[in-house]
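Thanks, everyone, for making the time. I would like to take you through one structure this morning, beginning with a pair of side chains and working outwards from there.

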Amino acid sequence: MTARIAPSILSADFARLGEEVRSLDAGGADWIHVDVMDGRFVPNLTIGAPVVAALRPVTRRPLDCHLMIVEPERYTADFAKAGADGITVHAEACPHLHRNLQDIRAQPHRGASERGRILAGVSLNPHTPIDVVMHVLELCDVVLLMTVNPGFGGQSFIREVCPKIAALRAEIDARGLSTIIQVDGGVSPATIGDAARAGADCFVAGSAVFRSPEFGSDYGAAIAQLRQLAIVAASGG
């Protein structure tokens, strides 16, 4: 099993953001997760494409941009130009989701994506059924299942999402697709096993990396622990 750990810079020290990302890179993070919030789709306001552009020279790790915004199609090209390696939009914000995914996949790519182009992703809030991606699943490099209600870091993992993870995994496997199932929200040493057993293979972690009570500022140790817990759980351990 592949267990990608994608630390969310939402939990980083923004006054030292470049240094924080370098530490994640050195610590073995697989992706760097960038939470983009507009204060409209979610009740919080964070960062945009200029920060992605500033981080692009800092790391060779894929920059995984999660757009929690209304009308994400207006900004796809901006994030691609800034150096995004993955762009994930919310199904709830996209009345023309098929078109949005095609647009993401067609953007010029200048980063470090594992598939040689920008990865196109769709995110679903905890209450949103997986049915909404069934007719576009072949266009999804990533399906991000929110395991908290989006908007703020530090929330508790919603375990009721695990059956949704399992159902999506079964559908992906039945179609023979390589779609990555990412989970975001409340991922910690206590919860990552549940998500991995259900079928997730990419894990966004904020507080569990940046504020680990066990490892402190040793981000590499926190990342390694999460990855190992996910691998063991997915293998039946």
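**Salt bridges, a central strand and a pocket**

Let me start with aspartate 173, which forms a salt bridge with arginine 169, where the closest N and O atoms are 3.4 Å apart. Please keep in mind throughout that what we are looking at is a predicted model. These two residues, aspartate 173 and arginine 169, are 4 residues apart in helix H5, so about one helical turn separates them. Their surroundings can be described separately: aspartate 173 is partly exposed, with a relative accessible area of 48%, whereas arginine 169 is buried, at 15%.

Helix H5 also holds arginine 175 and glutamate 171, again 4 residues apart, about one turn of the helix, and their side chains meet in a salt bridge with an N to O distance of 2.7 Å. Here arginine 175 is partly exposed, with a relative accessible area of 30%, and glutamate 171 is partly exposed as well, at 25%.

Across the whole structure, a search finds 14 salt bridges. One of them lies in helix H6, residues 192-198, where aspartate 194 and arginine 197 are 3 residues apart and their side chains meet at 2.9 Å, N to O. Elsewhere, salt bridges that share partners join Arg16, Glu19 and Glu20 into one network.

Now, what does helix H5 connect to? Together with strands E6 and E7, helix H5, residues 162-175, makes a right-handed β-α-β unit. Strand E6, residues 142-146, has 5 of its 5 residues buried, so the strand is largely enclosed by the rest of the structure. Val142, Leu144 and Met146 point one way from E6, while Val143 and Leu145 point the other way, and in general the side chains of a regular strand alternate between the two faces of the sheet.

Strand E6 has parallel partners in E5, residues 119-124, through 4 bridges, and in E7, residues 180-184, through 5 bridges. Leucine 145 takes part in both pairings, since its bridge partners are leucine 124 and, in E7, valine 183.

Finally, the largest pocket, which has a volume of about 280 Å³. Of the 24 residues that line this pocket, the closest to its centre are Gly153, Gly154, Asp184, Gly185 and Gly186. Strand E2, strand E8 and helix H7 are the elements that each give two or more residues to the lining, which by class has 11 nonpolar, 11 polar and 2 charged residues.

Notes: Residues numbered from 1 in each chain as written. Predicted model: local features only at pLDDT ≥ 70, side-chain atom pairs only at ≥ 80, totals over all residues. Heavy atoms only, no water. Buried < 20%, exposed > 50% of the residue type's maximum accessible area, 1.4 Å probe, protein only. Pairing = 2+ DSSP bridges. Right-handed = clockwise from strand over helix to strand, strands pointing away. 1 Å grid on protein atoms, 1.4 Å probe; cavity = no way out; pocket = protein on both sides within 12 Å on 5 of 7 lines; lining within 4 Å. Points joined across faces, edges and corners; volume = space filled by probe spheres on them. Nonpolar A, V, L, I, M, F, W, Y, C, P; charged D, E, K, R; others polar. Salt bridge = Lys/Arg side-chain N within 4 Å of Asp/Glu carboxyl O.
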